[in-house]
Amino acid sequence: MKLRRSVVVLAVGLTALLAAQTGAAGATVPPPSHSAKPPGATVVPPDSLRALASKVGLRIGTAVNTDVLATNATYRQITAAQFSTVTPENVMKWQVVEPTKGTYDWSAADQLVNFAKTNGQLVRGHTLVWHSQLPTWLTAGNYTSAQLRYLLRKHITDEVTHFRGHIWQWDVVNEAFNDDGTMRDTIWLRAMGPGYIADAFRWAHQADPKALLFYNDYNIEGLGAKSDAVYALAKQLRAEGVPINGIGAQGHLDTKYGFPNQMRQNLQRFADLGLKVALTEVDVRTTLPVTTPEQLAQNADYIQMLEACLLVRACISYTVWGFGDAFSWVPSVFPGEGSADIYDENLQPKASYFALQQTLMLASGAPHR
Ligand code: XIL
């Protein structure tokens, strides 16, 4: 995996170099007989987030809005050039893939998987078991517990099977805890009890034994009641031999709450259980209009989350929840807040982009003097 990653980035870099040399030498130099860059792939600049992160084996990802990807060339170019993993923001969710009972629609997700393949990117599958964005036929169906268990098993098996071999990390269970560490009251908990989590991981593993299987949640970035609960769950699942491979901390921060408590130590304790960790949905929202101190706090939050990940060897990816303020989920869910992303409304990189870029440069070593 590590070797392949370096080869792809190197290959893309070489192609850029060759192109530059061809230009410098004049038009008479014939193009190379075969291009190392996959057909259709965007060139990856050496100072891109993905190229810099690849030097320390880290993947930098983004959630992708597939509607925008299909229509906006600048968005497409940035997605391919800056990121080495993609997460479908919505199109692998149950509501989208099975809008009518028994009728699957994988089309939008398939297109994203193909885009990723073209551009040498890995895919984070998101998400198999959640309480939100479920199809109405399911939530309004008055199913018995046994029927819900059957339907969940079928959903996991069918979706993971459809994408088998194409998903690097699956968010198997999303947001199963409350902030106080108790389990969230969902149709899954009601139907199956707390054991639904272990079952979901076992079903996903059966369908794709090679995918890395993650538990994913928000407000578990630092030490606290909620991350303690997830830690206890992870420890128990590991002890029982349940096929869980990683913990995803979403990383949706807000400048008004300050930075999570001892994030590096928290990520490390999960790693010490033998798990991978990942930052899966990073963004830093703030009250609008943005003031200078809030913007500085946003930059600091982005950097400190990246630093915590960089310092934990088991932290294998850092994914932003979209990169452009124009397409962010924040304004619609948190009224009066926004400016949460690393590119502005016009897809121009913001200070937080350059802050991440500089931190990644430092990660592979400051020049000796
Ligand atoms: C959000 C999407 O960004 C929105 O477009 C959608 O309307 C609602 O869901 N935690 C998650 C993500 O795990 O799936 C959510 O994504 C954001 C919070």
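1. In which strand does E337 lie? E337 lies in strand β10, which covers residues 337–338. Please keep in mind, as you look around, that this is a predicted model. With a relative accessible area of 8%, E337 counts as buried, because buried means under 20%. Leaving aside residues up to four places away in sequence, E337 touches D254, K256, R285, T286, T287, L288, V330 and P331. Try to find these neighbours on screen; two of them, D254 and R285, come back in point 4.

2. Now step back to the whole chain. The protein chain has 15 helices and 10 strands. Of its 369 residues, 51% are buried. The accessible surface of the protein chain comes to about 16400 Å², and carbon and sulfur atoms account for 55% of that surface. Another helpful number concerns contacts between residues at least 6 apart in sequence: 77% of them join residues at least 24 apart.

3. Strand β8 is a good place to start inside the fold. This strand spans residues 276–287, and is mostly covered, with 10 of its 12 residues buried. If you trace a strand like this by eye, a general rule may help: in a regular strand the side chains alternate between the two faces of the sheet.

4. Which strands does β8 pair with? Let us take the partners in turn. Strand β6 (residues 246–249) runs parallel to β8, and four bridges join the two. One example to look for is I247, whose bridge partner in β8 is V277. Strand β7 is also parallel to β8, joined to β8 by three bridges. Here D254 stands opposite R285 of β8, and both of these residues are among those that E337 touches. Strand β9 (residues 315–320) is parallel to β8 too, with four bridges between them. In that pairing, A278 has S317 of β9 as its bridge partner.

5. Stay with β9 for a moment and find T319, which has its place in this strand. Is T319 buried or exposed? T319 counts as buried, because its relative accessibility is 0% and the cut-off for buried is under 20%. Beyond residues up to four places away in sequence, T319 touches G61, T62, A63, T85, T87, R124, L279, T280, E281 and V282. Another pair to look up is T319 and L306: they are 13 residues apart in sequence, and their C-alpha atoms are 9.8 Å apart in space.

6. Next, turn to the largest pocket. About 780 Å³ of space lies in this pocket. Its lining is made by 38 residues, and Y218, Q250, H252, W329 and F334 lie nearest the centre. By class, the lining has 14 nonpolar, 15 polar and nine charged residues. Which elements each supply at least two residues of the lining? They are α11 (225–239), β7 (252–254), β8 (276–287) and α14 (330–333). Strands β7 and β8, then, both help to line the pocket, besides being joined to each other by three bridges.

7. Finally, visit a residue in one of those helices: A232 has its place in helix α11. A232 has a relative accessible area of 42%, so it is partly exposed, since that class lies between 20% and 50%. The C-alpha atoms of A232 and F270 are separated by 9.9 Å, although the two residues are 38 residues apart along the chain. Set A232 beside T319 as you finish: A232 is partly exposed, whereas T319 is buried.

Terms used. Residues are numbered from 1 along each chain as its sequence is written. This is a predicted model: local features need pLDDT of at least 70, side-chain atom pairs count only at pLDDT 80 or more; totals for chains, interfaces and linings use all residues. Side-chain values use heavy atoms; hydrogens and water are left out. On a 1 Å grid over the protein atoms alone, a cavity is a set of points where a 1.4 Å probe fits but cannot get out, and a pocket is an open set with protein on both sides within 12 Å along at least five of seven lines; lining residues have an atom within 4 Å of a point. Grid points are joined across faces, edges and corners, and a volume is the space filled by probe spheres set on the points. Ala, Val, Leu, Ile, Met, Phe, Trp, Tyr, Cys and Pro count as nonpolar, Asp, Glu, Lys and Arg as charged, and the others, Gly among them, as polar. Buried means under 20% relative accessible area, exposed over 50%, partly exposed in between (1.4 Å probe, protein chains only). Contact means heavy atoms within 4.5 Å. Accessible areas come from the Shrake-Rupley method with a 1.4 Å probe; for residues, only the protein chains shown count as cover. Two strands pair if DSSP finds at least two bridges between them.
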